[in-house]
Amino acid sequence: MTERVERLIATMSLDEKAAMTGGIDMWHAIGCDRVGVRGLKVTDGPNGARGASWTGTTSACAPCGTALGATWNTELVAEVGRVLGEEARSKRSDLLLAPTVNLHRSPLAGRNFECLSEDPVLTGELAVAYVEGVQSTGVGCAIKHFVANESEFERHTISSELDERTLRELYLLPFEMAVRRAGTLSVMAAYNRLNGTYCAEHDQLASVLAEWGFDGFMISDWWGTKSTTATARHGVDLEMPGPAVFLGPQLADAIRSGEALESDLDDKLRRLLGVMERLGVLDSEELGAEESLDVPEHRQVLRRAAQQAVVLLKNDPLPSGADDPAGSPVLPIRPGTVSRIAVIGPNADVH
């Protein structure tokens, strides 16, 4: 860690340091005005950069995760990442809450559209490209949701029960690739529990990140922090949104009472301030008003991504003889050539 970060930590009071582990509102973290440090601003993703308001400024809408996964095109996904990074900068944001690299493990998972694939290797390769693209613009990525957050049932409390091999080879692999190869600056902790322990306070997950050489910080999913002391020791560094429920002032109180250690808080500040330094946040003042971009080059990239996501089924006949049913076009379906047809989706209920 740099001397500048260590100097800032040494200059700040316990309350000032603890405050930086929480947010002000939905999208702004707390800084320390006394020492000239503004708070991080984050923006939601992963198929756009929302900004700090639900209405007002507009954003370019990228193809969703499953569409990007269908392209199998890492170079194109890196271009999409650069577009999203520039969009995030137009929203005066430092961190894009993306990409989502959970796996398509159940068709009932409500956020499958955000995820790239059911395959961990494909997901990881595309995640590397996405993160490299975004972070090439000076905006950080918070890859999510760490980890095994593939169920819609009891999303906030369910425990994903996984053996070590399954955890490593499937669920952790895309995160590992993004950390080791792309240097993602942040990881977002998942809502769920892993083998009984909430991901936001999981000592094994903290150890895994250290094993990978992760030098960023962990941010909570929104309202995903569950405790003060366990989180202080093993969990997230920044609780969002604000005001903090478990970190922030509550963490300062826990340190004063002996339930938590100030050294753990200092480690959180090293990770937070370290990323802020790399993003230039320590050298910038408030970023000003958000903008709505309409850039022709952005439109071209996103349109190309949407086109490559389409899998076209052609109705051409096979090269066999014209009188051979096998050589005829599939459509229209001729009576007597098929015995059963499957209709998938809500149209199956329409007669």
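## Ground rules

Helices here are DSSP runs of H or I with at least four residues, strands are runs of E with at least two, and both are numbered from the N terminus. This is a predicted model, where local features need pLDDT of at least 70, side-chain atom pairs count only at pLDDT 80 or more, and totals for chains, interfaces and linings use all residues. Residues are numbered from 1 along each chain as its sequence is written, and side-chain values use heavy atoms, with hydrogens and water left out.

## The largest pocket

A pocket is an open set of points on a 1 Å grid over the protein atoms alone, where a 1.4 Å probe fits and protein lies on both sides within 12 Å along at least five of seven lines. The largest pocket comes out at about 350 Å³, a volume being the space filled by probe spheres set on the points. It is lined by 18 residues, and A206, H234, G235, D237 and R271 sit closest to its centre. Lining residues have an atom within 4 Å of a point.

Which helix gives the largest share of that lining? That's α11, with five residues. Helices α8 (203-211), α9 (229-234) and α11 (262-278) each chip in at least two. By class, the lining has eight charged, seven nonpolar and three polar residues; Asp, Glu, Lys and Arg count as charged, Ala, Val, Leu, Ile, Met, Phe, Trp, Tyr, Cys and Pro as nonpolar, and the others, Gly among them, as polar.

## A buried lysine

K41 sits in the loop between α2 (14-19) and β1 (42-44). With a relative accessible area of 9%, K41 is buried (under 20%, against over 50% for exposed and in between for partly exposed, using a 1.4 Å probe and protein chains only).

What does the K41 side chain reach at 2.7 Å? One partner is the backbone oxygen of K91. There's also a polar contact with the side chain of E290, at 2.7 Å (N or O atoms within 3.5 Å, one able to donate a hydrogen and the other to accept it; residues adjacent in sequence count only if both atoms are side-chain atoms). Leaving out residues up to four places away in sequence, K41 touches W27 and H28, among others (heavy atoms within 4.5 Å).

## Backbone oddities

Most residues other than glycine have a negative phi, and most peptide bonds are trans. A98 and P99 are joined by a cis bond, omega about 0°, and P99 lies in the loop between β2 (95-97) and α5 (120-135). K144 to H145 is cis too, with omega near -5°; H145 belongs to strand β3 (residues 140-146).

Two non-glycine residues have a positive phi: A148, at about 60°, and W223, at about 65°. A148 is buried at 4% relative accessibility, whereas W223 is exposed at 57%.
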